[in-house]
Amino acid sequence: STRFIMLWQMFVYLILVAGAALIAMAFSKDPDVNEAIKLYLWILPVGYGLQGVIILTNSSLNALHRPYEALYLSAARFFVFYVPLAWIGSKWFGLAGFFGGALLGNILMAVISIRAFKRAVTGEQQLEGLQQQSGQN
């Protein structure tokens with residue numbers, strides 16, 4: 001699922017980048033607004049696949065009966081990574097830094113989410129192994 005999310009989003013990203021100027025012109029005739037829209041389309045959608053991985057991981061954790069872990073990851077994404085890094089990026093590099101910081105937040109949280117999911121699956125597998133062993137004894 002994660003491979004599909006990443007490949008699909010890369011495909012969508014390439015379309016957005018190729019059509020960035022047309023998309024921007026559809027929203028505004030102001031050159032400054034157009035540049036902001038294009039900047040957004042060149043930076044932030046790179047992380048949408050990663051955001052999909054985060055959402056998939058949270059759904060999987062819920063299915064594994066670990067809703068609190070999913071909640072903590074969602075809260076951490078927004079309050080620990082996404083917003084603070086976007087804010088810091090904007091202070092240092094303006095609008096490009098804002099978008100880049102938000103992207104970095106998604107990258108970091110995707111890595112953390114995947115690790116948390118793998119840890120949860122490993123724990124479930126170990127529990128199943130213990131249950132099978134106790135059932136055989």
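This note goes through a predicted model, taking its cores, one helix position, its salt bridges and its aromatic rings in turn.

1. The largest nonpolar core is a reasonable place to begin, and it has eleven residues: L50, I54, L61, A70, L73, A76, F81, M109, A110, A116 and A120. The elements that give two or more residues to this core are α4, which covers 48-63, and α5. Of these, α5 gives the most, with eight residues. In soluble globular proteins, nonpolar side chains tend to be buried together.

2. L50, a member of that largest core, deserves a look of its own. When its neighbours within four places in sequence are left aside, L50 is in contact with M6, N106, I107 and A110, and A110 is also listed in the largest core. A second core, separate from this one, has six residues, among them L44, A86, A102 and L103.

3. Turning to A96, the reader will find this residue in helix α5, which runs over residues 67-136. Is A96 buried, partly exposed or exposed? Its relative accessible area is 33%, so A96 counts as partly exposed. Once the neighbours within four places in sequence are set aside, A96 is in contact with L39 and I43. The C-alpha atoms of A96 and Y40 are separated by 7.8 Å, although the two residues are 56 residues apart along the chain.

4. How many salt bridges are counted in the model? The count comes to two. In one of them, the side chains of E35 and K38 meet with a distance of 2.9 Å from N to O. Because E35 and K38 are three residues apart in helix α3, which spans residues 31-43, they are separated by about one helical turn. The partners differ in how they are classed, since E35 is partly exposed with a relative accessible area of 43%, whereas K38 counts as buried at 16% relative accessibility.

5. The other salt bridge joins the side chains of E69 and R66, with 3.4 Å from N to O. R66 has a relative accessible area of 27% and is therefore partly exposed.

6. The aromatic residues need a careful reading, as the structure holds seven aromatic pairs. In the pair of F78 and F79, the ring centres are 4.9 Å apart and the planes stand at 85 degrees, which is why this pair is edge-to-face. F78 counts as partly exposed at 38% relative accessibility, while F79, at 60%, counts as exposed.

7. F98 and F99 form an aromatic pair as well, and this pair is also edge-to-face, with 5.7 Å from centre to centre and 65 degrees between the planes. What is the exposure of F98, and what is that of F99? F98 counts as partly exposed, at 37% relative accessibility, whereas F99 is buried, with a relative accessible area of 8%. A pair of aromatic rings is described by both the distance of the centres and the angle of the planes.

8. Two further points on aromatic rings can be checked against the structure. F4, W8 and F11 form one aromatic cluster. Elsewhere, R77 lies over the face of Y82, at 4.6 Å from the ring centre.

Key
Residues numbered from 1 in each chain as written. Predicted model: local features only at pLDDT ≥ 70, side-chain atom pairs only at ≥ 80, totals over all residues. Heavy atoms only, no water. Helix = DSSP H or I, 4+ residues; strand = E, 2+ residues; numbered from the N terminus. Buried < 20%, exposed > 50% of the residue type's maximum accessible area, 1.4 Å probe, protein only. Contact = heavy atoms within 4.5 Å. Core = buried A, V, L, I, M, F, W, Y, C linked by side-chain atoms within 4.5 Å. Salt bridge = Lys/Arg side-chain N within 4 Å of Asp/Glu carboxyl O. Phe/Tyr/Trp six-rings, centres within 6.5 Å; stacked < 30°, edge-to-face > 60°. Lys NZ or Arg CZ within 6 Å of the ring centre and 35° of its normal.
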